[in-house]
Amino acid sequence: MKAVTELFNLNIASVENLDGDINYSNIKYAIEDIDGKKYILKIFPDEEECILAKEESRILNEIGEHLSFKVPQTILSPNQQLFFQHPKGEAKLLNYIDGKFIAKVPHTKELLFSLGAKIAELSTALQKIKSPLLSSRILFWDIQHALLSYPKITFIEEPARRKLINYFFDRFQQIVLPEQPFLRYGLIHGDLNDYNILIKDGAIEGFLDFGDSTFAPIVYDLAIAMTYLMLDKDYPIEEIVPLLKGYHSLNKLSQREVELLPDLITTRLCISVCNSAEKKQLNQDNEYVLISEKPAWALLEKWVTINPIKISTAFLKATGYAPIENGNYKNSVLKTRRHTTGKSVGLSYKDPILMTGAAFQFMYDGAGNTYLDAYNNIAHAGHSHPKISAAISKQVRKLNTNTRYLFESFTAYTSNLLKKFPEKLSKVFLVTSGSEASDLAIRMARMHTKRNTIAVLENGYHGNTTLGIEISSYKFDGKGGNGAGSSIIKLPLPNLYKGIFNTGKEFANDAKEKIEKYIEKINSPAAFIAEPISGCGGQVPLAKGYLKELNAYNSSNQLLTIIDETQTGFGRLGNWYWGFEMHDIIPDIVILGKPMGNGHPMAAVITTDAIANSFNNGMEFFSSFGGNPVSCEVGSAVLSIIEEEQLQANALLVGNYFKKRLNDLKNFFPCIGDIRGEGLFLGIEFTNTDGNPDTALAEFVKDELKNNFILSGTDGPYNNVIKIKPPMCFTTNNTDEFINKFQKILQTKLPDK
Ligand code: PMP
């Protein structure tokens, strides 16, 4: 301290050693003289750090006197120098800025507005400064260079969290990076977190720590301040608006800058949590490094539940820009659709939803609402899964062709897919829809057995092709259908809830009898086709023992068993990867679809060597798109996500919880006739007081759930079953939300006491 005392003629009363940031080697002291005046002494043993510190002092001293708030000012030595020689290295003496961190005071609207204005003032001042030295820096905290933090994602232990960070980094690349070159650039503070902003007497006193100052789009300073001041807030979007307004009042933001803010904020959060994860792994975590970790995760997790339109509308309105108009837009989309397609192309709900986006188990409409998706099983791994987006875009840029050429994606995917099946099922044929797969499966069965007839289950659905409709009682027995054709044997759905028999065995014996009768009268059928749990039949698990019994009969009579796993496959049932495993059988042919490509058109037929050989009768099998390299990459991504995120285990855990909570409600609401299904493939059947199907109630509940922002659907022969089949990342919290709203809806239907 002697060097300082002599040089600056100070009468020092106390010296306190301040902990530095572990990323820097400088030494910091707080000094107080006998008159109570405070200073900060910074010593730089590291030469490079010292050069940067000198530049920082030059800039801050240049702008400092013109600002309406304080920034660290370096006290010149008697020979008018910013730095002086200290035994431990070059050093500078700074004035002390008094005050409380903004993190520690209430964030009133007025305070935030005034902070916004001060940041705007700082931006304007810094924009005038030229600093080739600071401008050449590349810092990982800088949002521009967010991708430098991307590799740290591996330090995040929970797969669901890695997915979330991947998703936001993906948005950064898609939304921010292309716009970045067109933004206003200047020097920025670079780290306006809530511990670098000081408040005194309820007003902004000043900003600290310009150590991350660099040349960047100036709106990034605002984005960073917004990020930290949104942490730990109940309504982060609404509560941060005054800050944005304050900034805009002094430094007018362009519409482009405002529109980028949401993704700049999430990107900064991603950098922060990646950094915390790395520090934890390296055991370099301390209170300061991890201070924002928990709230940062909480904010990111909350962010996906908020419709991006809602966020951009709030920010655009705050800055006087017109938000995207929705009402008329939706009507015009509906009107044009009526012109361009037939009415048979259905829409869900009387007042259909205009969807504009989705992430994981959430879907966003054009009006800024978020729906919890309890229905769309096609998005098996979750909507907009970043791994799947990456798989598509990477491969589509490289090669997309057909299966007449050799490429590795095909062999890799088919080998991995077959590993999921028993040895007997050893051949895969890739197509583009469940319907195409059903059609192909029937063709194969007919070719192999040289027979024609197909035994089907009541209310089964297998596809929209001519043949698909012929084997789908749901269609041929439904509106506009022509009934069963002559080469169809229709069997009762082995439903134990109000079915005609009480056991699977009885249903199976009945089925065998019906098939025998058909054989006596006409001829032997080629195959029997069924879903393990009938979806369109109303989420009805085939009675235990039914398929086992019938499959044994089929084998001994050279009938093929075809199992349609379009709805039930890929771990959805929780305890089983495939629905046929639940029934303890190995079918001859399996049909896959929907979840296979997470929305990318993919489906498959899986069968035995013998059936594949019979199918090879000289006619080539070719599907223009089936099994193309992009599809195969997507399929592989789906398989690996199921493993990595343990989605099957999640389906079991959340599905069991869901079922239990529904069963608890069943005790209170006599209108709930039955709760059934497995994993995340469940059904709620409604009955009226006579025990008959209550179609109107199911419709009412479905519509009310939608009005409460939950997506579901109805099905079954009487449309009185609510179907639950959400993306597999559905959580117990999501289940609670469903149950609470569902319960409230049913309560409105209880007779008044
Ligand atoms: N089988 C089942 C069991 C289905 O649920 C569906 C679709 N709902 C299909 C086949 C037909 O699939 P896609 O719509 O992909 O043609």
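**Surroundings of Glu 531 and overall features of the predicted model**

Leaving out residues up to four places away in sequence, Glu 531 touches Tyr 461, His 462, Cys 536, Leu 542, Asp 564 and Gln 567. The model in which these contacts occur is a predicted one, and in it Glu 531 lies in the loop that joins strand 17 (527–530) to strand 18 (533–534). Although Glu 531 is buried, this residue has no salt bridge; the nearest side chain of opposite charge belongs to Lys 723 and is 7.6 Å away, whereas a salt bridge requires a side-chain nitrogen of Lys or Arg within 4 Å of a carboxyl oxygen. A polar partner is nevertheless present in the backbone, since the side chain of Glu 531 reaches the backbone nitrogen of Gly 535 at 3.2 Å.

Two helical positions were examined in addition to this loop residue. Asn 61 is found in helix 2, which comprises residues 47–64, and with a relative accessible area of 17% Asn 61 is counted as buried, because the limit for that class is under 20%. When its neighbours within four places in sequence are set aside, Asn 61 is in contact with Pro 72, Gln 73, Thr 74, Leu 76 and Leu 82. Val 396, for its part, is placed in helix 13 (residues 386–398), and its relative accessibility of 46% makes Val 396 partly exposed, because this class covers values between the 20% limit for buried residues and the 50% limit for exposed ones. From Val 396 to Thr 465 the separation is 69 residues in sequence and 28 Å in space, taken from C-alpha to C-alpha.

At the level of the whole protein, the secondary structure consists of 25 helices and 27 strands, and the C-alpha trace spans about 115 × 70 × 50 Å along its principal axes. Of the 753 residues, 54% count as buried, a class to which both Glu 531 and Asn 61 belong. Among contacts in the protein with a separation of 6 or more, 73% are made by residues 24 or more positions apart. The accessible surface comes to about 33,100 Å², and carbon and sulfur atoms account for 51% of that area. As to charge, the protein carries 80 positive and 85 negative charges, and the mean positions of these two sets are 5 Å apart.

Definitions and conventions. Residues are numbered from 1 along each chain as its sequence is written. Side-chain values use heavy atoms; hydrogens and water are left out. Helices (H or I, at least four residues) and strands (E, at least two) are DSSP runs, numbered from the N terminus. Buried means under 20% relative accessible area, exposed over 50%, partly exposed in between (1.4 Å probe, protein chains only). Contact means heavy atoms within 4.5 Å. Accessible areas come from the Shrake-Rupley method with a 1.4 Å probe; for residues, only the protein chains shown count as cover. Lys and Arg count as positive and Asp and Glu as negative; His and the chain ends are not counted. The place of a charge is taken as NZ of Lys, CZ of Arg, CG of Asp or CD of Glu. A polar contact is a pair of N or O atoms within 3.5 Å; within protein, one must be able to donate a hydrogen and the other to accept it, and residues adjacent in sequence count only if both atoms are side-chain atoms.
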